[in-house]
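User: Please take a close look at one part of this model, the helix packing and the nonpolar cores around it. Keep it brisk.

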Amino acid sequence: MGAETTDNDHGYTKKEVDEQAARQKAINDWLPITSSRNAKWWYSAFHNVTAMVGAGVLSLPYAMSELGWGPGVAVLILSWVITLYTLWQMVEMHEMVPGKRFDRYHELGQHAFGEKLGLYIVVPQQLIVEVGVCIVYMVTGGKSLKKFHDIVCSTCKPIKQTYFIMIFASVHFVLSHLPNFNSISGVSLAAAVMSLSYSTIAWSASIDKGVQPDVQYGYKASTKVGTVFNFFSALGEVAFAYAGHNVVLEIQATIPSTPVKPSKVPMWRGVIVAYIVVALCYFPVALIGYWIYGNSVSDNILITLEKPVWLIAMANMFVVVHVIGSYQIYAMPVFDMVETLLVKKMNFRPTMILRLVVRSTYVAFTMFVGITFPFFSGLLGFFGGFAFAPTTYFLPCVMWLAIYKPKKFSISWWTNWICIVFGVILMIVSPIGGLRQIIISAKDYKFYD
């Protein structure tokens with residue numbers, strides 16, 4: 001009754017208010033994040049695994065070679081603990097206002113920092129992460145397809161990587177038209193299974209190969225400056241590996257919720273399962289890969305492994321299936337943002353044609369950028385620090401402090417500030433290393449080769 005009076009103060013009739021509410025509901029039922037809320041807790045598990053365990057896991061042995069044993073193990077464990085904590089914060093904050101759900105990262109940002117400032121803080125970072133991941137996955141998918149082709153058909157005429165990225169993109173021109181998160185759950189489940197499979201192949205094939213006779217664990221760079229820059233870049237690669245927070249609220253939005261059974265209970269159960277899987281993927285690959293190959297490991301461990309041929313070929317195909325699912329998980333919030341803007345702000349009609357144009361344009365854009373700049377590890381380091389560190393390591397802590405205002409010097413206060421300091425250091429130093437690596441790679445690079 002109170003809401004109706006307010007609207008009447010603005011000169012609206014009850015009929016107009018009802019029509020407006022019906023229109024908003026129709027739009028929400030059409031948008032990808034809010035159109036389906038019947039997910040189960042295990043959807044949360046495999047969506048989170050697919051979002052988290054991506055191309056980043058394959059670069060962890062390389063990151064270890066740039067960090068060294070002590071700092072490498074410390075950064076891996078710290079990242080696992082901090083990101084699990086910040087993920088818990090986001091799950092808790094999803095429904096902290098009774099009767100309201102923060103279905104999107106920027107909505108939580110607006111609640112914490114204010115309508116305008118929240119948008120300015122969260123949306124650019126979230127877009128950099130999601131678009132950045134999609135571009136990197138275009139490159140990863142293309143590289144893995146090329147590796148599969150080169151292994152299976154070693155006598156065939158070489159085919160440019162550009163064409164493989166195009167082949168990978170062609171799948172997304174079809175899959176990106178699935179309407180919402182729940183409709184991609186099959187793709188996501190397959191991707192989650194594949195991530196565990198290729199991670200297991202990566203470390204078990206390394207063990208099978210045995211420690212290399214000339215293995216060295218010292219830093220590869222010949223100068224002090226090079227070593228420092230590589231260290232910075234490796235921090236970004238680790239940050240990239242823990243990038244699932246950007247879609248966590250959107251995943252939670254698909255789970256039904258009531259006052260008796262809030263969505264955070266099944267969501268958190270799924271997150272715990274996902275983080276166990278993450279540990280089973282990350283730690284063995286990073287530690288065993290580095291132990292076997294030392295500082296001669298490639299920026300993608302599957303490229304370092306050559307034998308057994310059939311197993312490595314299979315692992316590369318698993319990577320392709322996995323990054324297909326991951327690309328969709330990260331693209332869905334972008335589709336949601338763009339479609340919300342067009343339909344709610346610019347008053348476009350929510351039609352299939354609009355969706356077709358928006359999503360096809362996005363896939364074409366990420367494909368083009370991926371083909372133009374396929375510097376794999378440099379991209380990971382640059383994007384990893386620049387945007388992944390804030391959204392994953394410390395933005396949830398800043399929001400927590402802004403909303404809950406824990407008592408100064410309490411455990412909660414200290415915990416959040418430690419995470420913020422660690423995340424800010426990560427954000428500042430890792431893009432420097434990543435950018436340097438991109439510049440070095442670019443020297444010898446021929447466009448569209």
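Analyst: Two helix pairs follow, each with its core.

This is a predicted model, where local features need pLDDT of at least 70, side-chain atom pairs count only at pLDDT 80 or more, and totals for chains, interfaces and linings use all residues. Residues are numbered from 1 along each chain as its sequence is written, and side-chain values use heavy atoms, leaving out hydrogens and water.

Start with helix 4 (residues 60-67) and helix 12 (residues 264-293). Their axes (lines fitted to C-alpha atoms over the stretch in contact) lie 8 Å apart, at an angle of about 55°. The two helices are therefore oblique to each other (outside the ranges under 35, over 145 and 65 to 115 degrees). Leu60, Pro61, Met64 and Ser65 in helix 4 contact (heavy atoms within 4.5 Å) helix 12 residues including Tyr282, Val285 and Tyr290. This contact has eight nonpolar, two polar and no charged residues.

Tyr282 also touches Met52, Val53, Gly54, Val57, Ala241 and Tyr242, among others. Tyr282, Val57 and Tyr242 are among the residues with the most contacts inside the largest nonpolar core, which has 124 residues. Such a core joins buried residues (under 20% relative accessible area, 1.4 Å probe) through side-chain atoms within 4.5 Å. A second, separate core of seven residues includes Trp30, Leu342, Leu354 and Val358.

Leu342 belongs to helix 14, and Leu354 and Val358 to helix 15; these three are among the residues where the helices meet. The axes of helix 14 (residues 309-345) and helix 15 (residues 352-372) come within 10 Å and cross at roughly 130°. This pair is therefore oblique too. Its contact residues divide into 12 nonpolar, one polar and three charged.

Key:
Axes are lines fitted to C-alpha atoms, for helices over the stretch in contact, and angles run from 0 to 180 degrees between N-to-C directions. Helices (H or I, at least four residues) and strands (E, at least two) are DSSP runs, numbered from the N terminus. Ala, Val, Leu, Ile, Met, Phe, Trp, Tyr, Cys and Pro count as nonpolar, Asp, Glu, Lys and Arg as charged, and the others, Gly among them, as polar. Buried means under 20% relative accessible area, exposed over 50%, partly exposed in between (1.4 Å probe, protein chains only). Lists of a residue's contacts leave out its neighbours within four places in sequence.
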